[in-house]
Every structure is written in C-alpha cells, then in structure tokens.
Amino acid sequence: MDFLVHMDVLPLPPGEEGQSLLRREAERARQLAEARILRRLWRIPGRRANWGIWSAASVDELHLALSSLPLFPFLSITVHPLAQHPNDPGLPLDGPEPSS
C-alpha cells in the first residue's frame with residue numbers, strides 16, 4: 001500500500017543536539033529506503049518540509065516506520081493513503097524521468 005506523506009519540521013534543539021538528530025535522521029532515512037519503505041522524497045523549496053512516497057503493508061506498519069524517525073517528535077505529519085487509478089500510466093517511481 002502506498003502513502004503520500006507530508007512532513008513539516010518543527011524547530012529543533014539548538015547546537016549539537018539538533019545536529020545529532022539530523023545525522024541520525026539521514027541514517028534512518030537511508031535504512032528505510034533500503035527496506036523499500038521510503039520510496040521517494042522531495043524537498044519543498046524555502047521550507048523545512050517535504051513530500052514523500054512511502055510503502056507499507058498497513059497503516060500500522062507505516063506508523064511504526066514514521067515513529068522510528070529520530071525527528072518524529074519534531075515533525076507535523078499528514079498521511080494520504082493512495083489508491084490505484086484506472087488511468088495511471090504506470091511509470092516506475094524509481095525510474096528515469098520521461099524525456100521530452
């Protein structure tokens with residue numbers, strides 16, 4: 001099951017504590033990507049926010065993945081479950097961008 005997830009990053013602790021959180025967050029994101037749970041991630045320019053495509057067998061599994069993020073206490077998260085669309089062109093999430 002795929003989910004469109006929006007995250008806003010709230011203010012982090014200053015100094016080394018905040019920097020440590022960011023390093024741990026990057027490592028956890030790599031682990032979730034390797035596990036094919038975090039499929040794609042886009043930054044929102046000018047904001048500390050992102051949109052991502054996440055895959056999980058259930059909403060409970062998604063919650064476990066999201067709550068495993070070191071920044072979880074500092075995130076405002078909105079989840080949109082995604083359903084199949086009959087006109088989906090079927091382009092792969094991980095493939096190259098279509099050429100024009």
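**Note on the predicted model: strand pairing and the second largest pocket**

1. Strand E1 and strand E4, the latter covering residues 75-81, pair in the antiparallel sense, with seven bridges between them. Within this pairing, Leu 4 stands opposite His 80 of E4. It should be kept in mind throughout that the model is predicted.

2. E1 also pairs with E3, again in the antiparallel sense and over seven bridges. Here Asp 8 is the residue that faces Ala 49 in E3.

3. The order of elements places these strands in context. The protein chain holds two helices and four strands, and from the N terminus on they follow the pattern β-α-β-β-α-β.

4. His 6 deserves separate mention. This residue belongs to strand E1. Is His 6 buried or exposed? His 6 counts as buried because its relative accessible area is 10%, and the cut-off for buried is under 20%. Beyond its neighbours within four places in sequence, His 6 is in contact with Ile 44, Arg 47, Ala 49, Asn 50, Trp 51, Ser 76, Ile 77 and Thr 78. Of these partners, Ala 49 is also the residue in E3 that stands opposite Asp 8.

5. The second largest pocket contains about 400 Å³ of space. Its lining is made up of 17 residues, and those closest to the centre are Val 9, Glu 25, Leu 41, Asn 50 and Leu 71. Two or more lining residues come from each of strand E1 (2-9), helix H1 (15-34), strand E2 (38-43) and strand E3 (49-55). Asn 50, listed among the residues closest to the pocket centre, is also a contact of His 6.

6. Which element gives the most to this lining? That element is E2, with four residues. By residue class, the lining of the second largest pocket comprises twelve nonpolar, one polar and four charged residues.

7. Some values describe the protein chain as a whole. Its C-alpha trace spans about 50 × 35 × 25 Å along the principal axes. The chain has 100 residues, of which 27% count as buried; His 6 is one of the buried residues. The exposed area of the chain is about 6800 Å², and 56% of it is supplied by carbon and sulfur atoms.

8. A final point concerns contacts along the sequence. When contacts between residues at least 6 apart in sequence are taken, 68% of them join residues at least 24 apart. The contacts of His 6 include Ser 76, Ile 77 and Thr 78.

Definitions and conventions
Residues are numbered from 1 along each chain as its sequence is written. This is a predicted model: local features need pLDDT of at least 70, side-chain atom pairs count only at pLDDT 80 or more; totals for chains, interfaces and linings use all residues. Side-chain values use heavy atoms; hydrogens and water are left out. On a 1 Å grid over the protein atoms alone, a cavity is a set of points where a 1.4 Å probe fits but cannot get out, and a pocket is an open set with protein on both sides within 12 Å along at least five of seven lines; lining residues have an atom within 4 Å of a point. Grid points are joined across faces, edges and corners, and a volume is the space filled by probe spheres set on the points. Ala, Val, Leu, Ile, Met, Phe, Trp, Tyr, Cys and Pro count as nonpolar, Asp, Glu, Lys and Arg as charged, and the others, Gly among them, as polar. Buried means under 20% relative accessible area, exposed over 50%, partly exposed in between (1.4 Å probe, protein chains only). Contact means heavy atoms within 4.5 Å. Accessible areas come from the Shrake-Rupley method with a 1.4 Å probe; for residues, only the protein chains shown count as cover. Two strands pair if DSSP finds at least two bridges between them.
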